[in-house]
Amino acid sequence: MSDKNTVKDPVCGMKVESTDTAPHFQHRGREYFLCSEACREKFAADPNRYLDGNPAAPRKAAPDSQWTCPMHPEVVRDAPGDCPICGMALEPIMPSASAEPNPELALLTRRLWAAVPLTAVLLLIAMGDMLPGLDFQHWLGAGYGWLQFALATPVVLWCGSLFFQRGWRSLVGLNFNMWTLIALGTGVAWLFSLVALIFPGFLPEAFTGHGGEAPLYFESAAVIITLVLVGQVLEVRAREKTSGAIRALLDLAPPRARRIREEGGEEDVDLSEVGSGDRLRVRPGEKVPVDGEVLEGRSNVDESMLTGEPVAVEKAAGASVSAGTVNGNGMLVMRATKVGNETLLARIVAQVAAAQRSRAPIQGLADRVAKVFVPAVVASAVIAFIAWAVAASGAGGFAFALVVAISVLIIACPCALGLATPMAVMVGVGRGATNGILVRDAEALEHMARIDTLIVDKTGTLTEGRPRLQTIEALGDFTEEEVLRLAAGLEAASEHPLAAAILSEAKRRGIQPADARDFESIPGHGLRGALEGRHLLVGNAALLRGNEVETGALEAKAEALANGGATVILVAVDGRAAGVIAIHDPIKPTSREAVARLHEAGIRLIMATGDGEGTARAVANELGIDEVQAGALPDAKLELVRRLQAEGRRVAMAGDGVNDAPALAAADVGIAMGTGTDVAMESAGLTLVKGDLNAIAKARQLSRATLANIRQNLFLAFIYNGAGIPVAAGVLFPFTGWLLSPMIAAAAMSLSSVSVIANALRLRRARL
């Protein structure tokens, strides 16, 4: 078959001959040839299915074409909207790579900015008589109430319209939640105030203020709406960060690839146009576009986004490469083997997204309580209204009953309940920030208090993540300086990252490397070259043995150094063993203390690393790590997290690389090192700014303090409602004559909110 007449079947990817007898189909003015009638029928039915994206595979539905609820992942819709259970705005299952403005955040922010000035002026007018020299009621006369109405109505009916819509849907669907309480509380307060403004004589004399004026609660309704808007803006901003990890992962893949045409020449194409079997050129410094196999060339590829290890991997013909990894200084020609959703990077993206959707935020606690609390409050208001309407007589009895029912609803307004969790979380997050602990969401604080197992990566978490020359041991009549000078001379021509550690040490000692000639890199073994008329070998034992160098003395020293966690390089000069160079990634000075503190807290420590068994065991033994899983790639780390969770353990994962992202997202608490990658930090619930493992112990103390504060806040929120509702309902009136007017109910409601805020602020003084 002639290459000149050979084309690719767009359905199955096979090569076919473009002859008149071959099955073919014309689409958009172009003739497409297929291998069989079956492929022709598939292509004719839907050509775009095979021409857009991978030509050898059917298109899959776009992952961002569906939306789900952050609190109820079982809710999945084909279009954006609100969750039918909790009323929260649905979010795309898979965010797009472009960070477009969040329409919900924009809407809430606009309404918040409109509500704040109106509410501030309204509060000043309504509470002015409490300040010396201000008496707006006297100054404005009959216009006093109408001005409050004019200021409050836009806040309640426009700024708060979203809350009323969600509250109405919760009533219709019988899914009582926070929006039910907010809509009832603010709606009744506003409507009662409007009735009192228009028909002041409708109210009994006992419930009028000084001078017989009817009480107004416009400011209560406006303040509640404004506070809820503040909370919603903060919550949506925090929730947006959950998609940052996926966007960062999507950004790792280059948007275009350089494809080598079969007939000759090259072209830059969109990544979606790359198909399995295509030949691609990856130039120095470029990212590998898809998973594949190297056909030509030699280079070092930085795979830290997959392995988390700082040492680049040498690639030559036959080696596999992964999408998103970064090519070094060499040129590579590769064949695409996995494209689109099949690449390792795409699978990591899917794993992170799935793990994030599986979480249930701590705010769900308030909604679970509200499911019981809301019906109880409404039932209490209805029972109180009926009881007093029957017990009293005449029109005054009806008005009296109505006011009692309104008092019950006002004191049960969920302001304190809504503030209980977010206020504690806000203060706790601020307290953590002052100690180098960045908290992404409230759920991380809730679960951190209960963890009993901590998985840690090695490189960049327990160690510094920067290889350094640890030691040089010379043999025979060679000196350390001579071994280093010769090795540095050969490594100066190498692209291998370990060379940087050798060159850095030579520079530190003021040693000028020798100039190398006849340089040769031997993949998987090391380097060979000539310096100052001498033949030099720098690499592993296999390289030296292959060149008939006696390695007995060197290997004994190398084994001892490797058992200490070092990467060992052997050096030979003119066929004689010259010395051993050990490259080491130092353990962080704080790691030993941190491991000891975590053990004291009863936490089991597991190290999962992409390093080899020897190096991993050496570090683990030195620090006293309980368990080691070496050679762990992203899938293995994720599987480890899930296995421990299946055993009933509460798991925290600490890491700093892209390879840690799926496990960080799946763990009960993901903890990222601030010195690591952006993807790791976006995937984690907690980020330790200084990369200090000691901060994990502090984070656990902060978590426990915050969780206790939330429970206290919920108790304070309910104690006012629990004690105030019966009094507002008139239970004590027949015996003592005490009745809680709507004004007192509003004051009690405000007091409960003040108490919750004051209690939350105590977290600022929590000892960590």
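**Figure 1. Packing of helices α3 and α5 in the predicted model.** The crossing of α3 and α5 is left-handed. In this predicted model, the two helices pack at an angle of about 155°, and their axes lie 9 Å apart. Because this angle is over 145 degrees, α3 is roughly antiparallel to α5. From α3, the contact is formed by R111, A114, A115, L118, T119, V121, L122, I125 and A126, and from α5 by Y144, L147, Q148, L151, A152, P154, V155, W158 and C159.

**Figure 2. Packing of helices α3 and α6.** An angle of about 120° relates α3 and α6, with 11 Å between their axes. The two helices are therefore oblique to each other. On the α3 side the contact comprises E104, L107, L108 and R111, and on the α6 side S161, L162, F163 and R166.

**Figure 3. The largest nonpolar core and the surroundings of F163.** This core holds 52 residues, of which L108, F163, F218, L229 and I725 touch the most other members. At least two residues of the core come from each of α3 (103-126), α5 (143-159), α6 (161-172), α7 (178-198), α8 (218-240), α12 (364-391), α13 (394-411) and α25 (694-728). When residues up to four places away in sequence are not counted, F163 touches L108, W179, I182, A183, I225, V228, L229 and Q232. Another core, of 45 residues, lies apart from the one shown, and its members include A616, A620, I625 and A760. In soluble globular proteins, nonpolar side chains tend to be buried together. For the chain as a whole, 51% of the 768 residues count as buried.

**Figure 4. The seven-stranded open sheet and helix α22.** The strand order of this sheet is β17-β29-β28-β27-β18-β25-β26, with mixed pairing. Strands β17 (437-439) and β26 (627-629) occupy the edges; each has a single partner strand, so one side of each is left without a neighbour in the sheet. On average, neighbouring strands are turned by 20° against each other, direction ignored. Within the sheet, strand β18 (residues 453-456) runs parallel to strand β25 (residues 604-608), and four bridges join the two. In this pair, L454 of β18 stands opposite L605 in β25. Helix α22 (residues 634-646) packs on the sheet and touches β18, β25, β26 and β27 (651-655). The direction of α22 makes about 160° with that of β25.

**Figure 5. Strand β23 between its partners β22 and β24.** Five of the seven residues of strand β23 (residues 567-573) are buried, and the strand is thus mostly covered. Strand β22 (residues 534-539) pairs with β23 in the antiparallel sense over four bridges; here G539 stands opposite L570 in β23. Strand β24 (residues 576-584) also pairs with β23 in the antiparallel sense, over seven bridges. In that pairing, V568 stands opposite A582 in β24. Two residues lie between the strands of the β23 and β24 hairpin, in which D574 takes a positive phi near 50°.

**Figure 6. Environment of F519 in strand β20.** Residue F519 is found in strand β20 (residues 516-522). With a relative accessibility of 32%, F519 counts as partly exposed. Neighbours within four places in sequence aside, F519 is in contact with L490, A493, S494, L527, R528 and G529. The C-alpha atoms of F519 and G529 are 4.4 Å apart, although the two residues are separated by 10 residues in sequence.

**Figure 7. Positive phi values at two loop glutamates, E532 and E548****.** E532 lies in the loop between β21 (526-531) and β22. This residue has a positive phi of about 55° although it is not a glycine, and its relative accessible area of 48% makes it partly exposed. E548 is placed in the loop between α18 (541-546) and α19 (552-562). Its phi is near 60°, likewise a positive value in a residue other than glycine. E548 counts as exposed, at 75% relative accessibility.

**Figure 8. Overview of the chain.** The chain has 27 helices and 29 strands. Among contacts in the chain with a separation of 6 or more, 65% are between residues 24 or more positions apart.

Technical notes. Residues numbered from 1 in each chain as written. Predicted model: local features only at pLDDT ≥ 70, side-chain atom pairs only at ≥ 80, totals over all residues. Heavy atoms only, no water. Pairing = 2+ DSSP bridges. Axes fitted to C-alpha atoms, helices over the stretch in contact; angles between N-to-C directions. Contact = heavy atoms within 4.5 Å. Core = buried A, V, L, I, M, F, W, Y, C linked by side-chain atoms within 4.5 Å. Buried < 20%, exposed > 50% of the residue type's maximum accessible area, 1.4 Å probe, protein only. Parallel < 35°, antiparallel > 145°, perpendicular 65-115°, else oblique. Left-handed = near helix turned anticlockwise from the far one by under 90°.
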